[in-house]
Amino acid sequence: MANVAVIGAQWGDEGKGKVVDWLASRADLVVRFQGGHNAGHTLVVGNETYKLSLLPSGVVRGKIGLIGNGVVLDPQALLDEIDRVTAQGLRVTPENLRIAENTPLILPLHPALDKAREAARGGDRIGTTGRGIGPAYEDKVGRRSIRLCDLAEPQTLSRKLDELLLHHNSLLRGLGAPEFEKQGLLDQLLAWAPKLLPFAEAVWERLDEARQSGKRVLFEGAQAVMLDVDHGTYPYVTSSNTVAGNAAAGAGIGPDAVGMVLGIAKAYATRVGSGPFPTELFDEIGKGLGDRGREFGTVTGRRRRCGWFDACMVRQAVKIGGIQGLALTKLDVLDGLRELKLCTGYRVRGQEMRRLPFAMAAQAAAEPIYEVLEGWSESTRGARSYADLPAAAVKYVRRIEELVEAPVVLLSTSPDRDDTITLRDPFAG
């Protein structure tokens with residue numbers, strides 16, 4: 001049986017939580033391979049709702065969860081999240097959660113710098129969560145990171161903090177923000193050490209053993225392709241590579257072991273924060289999509305911007321992300337609309353394009369070219385087979401498949417994990 005990598009095919013918030021939960025129930029291990037606690041997955045299991053940011057979704061299903069080296073880890077955020085889910089009845093211990101020992105840590109100075117920079121941008125804010133993700137990744141590539149394994153070496157911590165503070169305090173001073181003292185940070189790291197080190201291991205070895213024994217691995221991505229630091233709507237992106245190609249590097253396994261790449265997309269489009277959004281709606285239809293879809297960010301709590309499904313953008317995500325099949329979510333939110341629109345391309349300064357350009361001004365100038373389809377008055381909520389769907393809804397899904405050049409293999413019709421139309425088993429390869 002194949003492994004599966006799940007990535008977002010739009011700007012995040014596509015409903016990955018439900019799909020990942022469904023897949024995690026059938027996997028042996030679930031791996032987070034990038035991002036930090038700036039991403040959130042909401043899992044509804046019976047009468048209980050779990051909001052996860054760092055914990056791999058498999059822990060909800062009693063599976064082994066792995067946090068890979070491609071993640072930037074805020075120790076306090078992780079410990080707080082463990083406390084929250086423990087209060088909900090889950091058990092998270094070193095027996096079912098392992099963290100790559102080479103995972104970089106987010107320290108208190110990282111969100112401080114993140115927020116100071118965002119404030120300095122004024123009206124040109126990127127819309128970051130202010131949780132220190134970007135500065136932590138900067139330290140990683142700048143070879144300044146304090147990693148989980150360093151917590152076992154107090155002398156290493158002391159030396160690395162000297163280098164970190166030389167860099168960060170200079171930046172904070174220039175931005176007019178308070179600077180950090182070494183002793184306070186060192187004390188905090190030493191206090192975290194006994195709580196975090198029991199979870200540390202060489203995750204790559206566990207994954208190699210899983211591969212040799214034929215276990216199923218689910219690679220759980222955060223954010224989405226159009227927020228990828230290289231391929232997204234830069235600079236309004238996250239600070240890591242969100243494409244499935246990063247699952248290998250961010251977990252510590254060969255690229256041939258990633259398996260099927262499943263992209264998650266909403267039946268319409270949403271975005272949190274700043275940045276271009278060609279199909280955004282500012283009318284009552286857009287407001288209605290937000291209300292019916294309960295479009296508020298799991299992490300930020302901010303209302304998501306809503307618009308029509310951008311098939312041109314998702315097609316781009318399919319090609320760049322290596323997506324082999326789509327899970328289309330929230331089809332039921334479109335119930336009752338008399339007509340629907342699909343973006344099939346853009347008009348940029350008089351020129352028609354079938355891709356979203358990379359240049360900032362060109363992205364901002366992109367105007368959608370729409371194809372209009374008939375809506376449906378019947379309810380799709382709770383449908384569990386194509387036979388339960390109105391003909392117009394089936395036609396809508398089929399047209400999306402044609403435009404994005406990828407099959408819809410899962411179709412979600414409510415937040416309930418059982419309200420899913422399965423057209424192909426992703427673990428079957």
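Contact means heavy atoms within 4.5 Å. The legends below describe a predicted model.

**Figure 1. Surroundings of Lys160 in helix α5.** Lys160 belongs to helix α5, which covers residues 154–174. With residues up to four places away in sequence left out, the contacts of Lys160 are Ser145, Ile146 and Asp150. The relative accessible area of Lys160 is 16%, and the residue is therefore classed as buried, since buried means under 20% relative accessible area.

**Figure 2. The largest cavity and its lining.** Two cavities of 30 Å³ or more are found when the whole structure is searched. The largest cavity holds about 60 Å³ of space. Its lining includes Lys18, Val19 and Trp22, together with Ala327, Leu328 and Thr329. Leu410, Leu411, Ser412, Arg417 and Thr420 also line the largest cavity. Three elements, α1 (16–24), β13 (325–329) and β17 (408–412), contribute at least two lining residues each. By class, six residues of this lining are nonpolar, three are polar and two are charged.

**Figure 3. Position of the largest cavity with respect to the domains.** Domain 1 comprises residues 3–102 + 200–261, and domain 3 comprises residues 264–422. The largest cavity lies between these two domains, because both of them give residues to its lining.

**Figure 4. The second largest cavity and its lining.** The space in the second largest cavity amounts to about 50 Å³. Among the residues that line the second largest cavity are Arg32, Ala39, Gly40 and His41. Leu52, Ser53, Leu54, Leu55 and Ser57 are also part of this lining, as are Glu220 and Ala222. The lining of the second largest cavity consists of five nonpolar, four polar and two charged residues.

**Figure 5. The whole protein as context for the close-up views.** Twelve helices and 18 strands make up the secondary structure elements of the protein. The protein is as compact as a globular protein of its length, because its radius of gyration of 22 Å is close to the 22 Å that the globule rule gives for 429 residues. The C-alpha trace spans about 65 × 50 × 40 Å along the principal axes. Of the 429 residues in the protein, 58% are buried. Considering contacts between residues at least 6 apart in sequence, 75% join residues at least 24 apart.

Definitions and conventions. Residues numbered from 1 in each chain as written. Predicted model: local features only at pLDDT ≥ 70, side-chain atom pairs only at ≥ 80, totals over all residues. Heavy atoms only, no water. 1 Å grid on protein atoms, 1.4 Å probe; cavity = no way out; pocket = protein on both sides within 12 Å on 5 of 7 lines; lining within 4 Å. Points joined across faces, edges and corners; volume = space filled by probe spheres on them. Helix = DSSP H or I, 4+ residues; strand = E, 2+ residues; numbered from the N terminus. Nonpolar A, V, L, I, M, F, W, Y, C, P; charged D, E, K, R; others polar. Domains from an automatic or database assignment. Rg over C-alpha atoms; globule rule 2.2 N^0.38 Å. Buried < 20%, exposed > 50% of the residue type's maximum accessible area, 1.4 Å probe, protein only.
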